[in-house]
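Okay everyone, thanks for coming. I'll put the sequence and the structure up on the screen, and then we'll walk through it together.

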Amino acid sequence: MDAKLINPFIDAFITVMPQIGFPIPKRTRAYVQSKVITNFGVAVMLGFTKQIRGNVIYNMNDDTAKFIASTMMMGMPINEVDAMAQSAIAEMSNMLAANTATNLTALELEVDISTPSVTVGKDTKIKIGSGQYLTIEMDMGGHKVDIAIAVDRDM
């Protein structure tokens, strides 16, 4: 896996999240997995195309999803991950993907981003790619988000 392709995703998360009101994220660990992700409760997948091909999934438990949705909605109490909360979480992923795309463009790589797809359901399986992918675990004041990254350069 090319670190040049991974770092733009991590940098986007570390840069964007505090700008929209979240605690400064800290990377807690990184590990390699294969093909399928087990959903912690709420997962958001976005695809990348053109010179970069693949997917990224932001995977979190329900409590973190509620925290993110509440923060995105200016502190509105969130009791369940309903359609409105899912929309707020999808918007956060759009912001992260846009910043990632900007970071990749700085590396002279042209990319397009798909619309986010939100999957709700603890322990559901999501296929991210056909091979291995890297997961970066990020902590925001006790709220964990795993960033699963399965991207390669388009040849």
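So, let's begin with strand β1, residues 26-38, and strand β6, residues 125-140: they run antiparallel, and 11 bridges join them. If you want one pair to look for, take V36, whose bridge partner in β6 is K127. Keep in mind that this is a predicted model.

Now stay on β6 and look at its pairing with strand β7, residues 143-153. Those two also run antiparallel, with 7 bridges between them. A pair to find here is L134, which stands opposite I149 in β7. And how many residues sit between the strands in the hairpin of β6 and β7? There are 2, and in that hairpin G141 takes a positive phi near 60 degrees.

Okay, on to the helices. Look at α2, residues 62-72, and α3, residues 83-106. Their axes come within 8 Å and cross at roughly 80 degrees. Anything from 65 to 115 degrees counts as roughly perpendicular, so that's what we call α2 relative to α3. Who makes the contact? On the α2 side you've got A65, I68, A69 and M72, and on the α3 side A85, A88, I89, E91, M92 and M95. Sort the residues of that contact by type and you get 9 nonpolar, 1 charged and no polar.

Next, the inside. The largest nonpolar core has 41 residues, and F13, Y58, I68 and I89 have the most contacts inside it. You've just met I68 and I89, in the contact of α2 with α3. Which elements each supply at least two residues of this core? They are α1 (3-19), β2 (42-50), β3 (52-60), α2, α3, β6 and β7. The largest share, 8 residues, comes from α3.

Let's zoom in on F13. Setting aside neighbours within four places in sequence, F13 is in contact with P18, P25, Y58, L96, M138, M140, V145 and I147. Apart from the largest core there's another one, of 8 residues, including A43, I57, A148 and A150.

Last stop: N55, in strand β3. Not counting residues up to four places away in sequence, N55 touches M45, L46, G47, I128, A148, I149, A150 and V151. You'll recognise I149 as the one opposite L134. Also, N55 and D152 are 97 residues apart along the chain, and their C-alpha atoms are separated by 9.4 Å.

That's my tour, thanks for listening!

Terms used: Residues are numbered from 1 along each chain as its sequence is written. This is a predicted model: local features need pLDDT of at least 70, side-chain atom pairs count only at pLDDT 80 or more; totals for chains, interfaces and linings use all residues. Side-chain values use heavy atoms; hydrogens and water are left out. Axes are lines fitted to C-alpha atoms, for helices over the stretch in contact, and angles run from 0 to 180 degrees between N-to-C directions. Helices (H or I, at least four residues) and strands (E, at least two) are DSSP runs, numbered from the N terminus. Angles under 35 degrees count as roughly parallel, over 145 as roughly antiparallel, 65 to 115 as roughly perpendicular and the rest as oblique. Contact means heavy atoms within 4.5 Å. Ala, Val, Leu, Ile, Met, Phe, Trp, Tyr, Cys and Pro count as nonpolar, Asp, Glu, Lys and Arg as charged, and the others, Gly among them, as polar. Two strands pair if DSSP finds at least two bridges between them. A nonpolar core is a set of buried Ala, Val, Leu, Ile, Met, Phe, Trp, Tyr and Cys residues joined through side-chain atoms within 4.5 Å. Buried means under 20% relative accessible area, exposed over 50%, partly exposed in between (1.4 Å probe, protein chains only).
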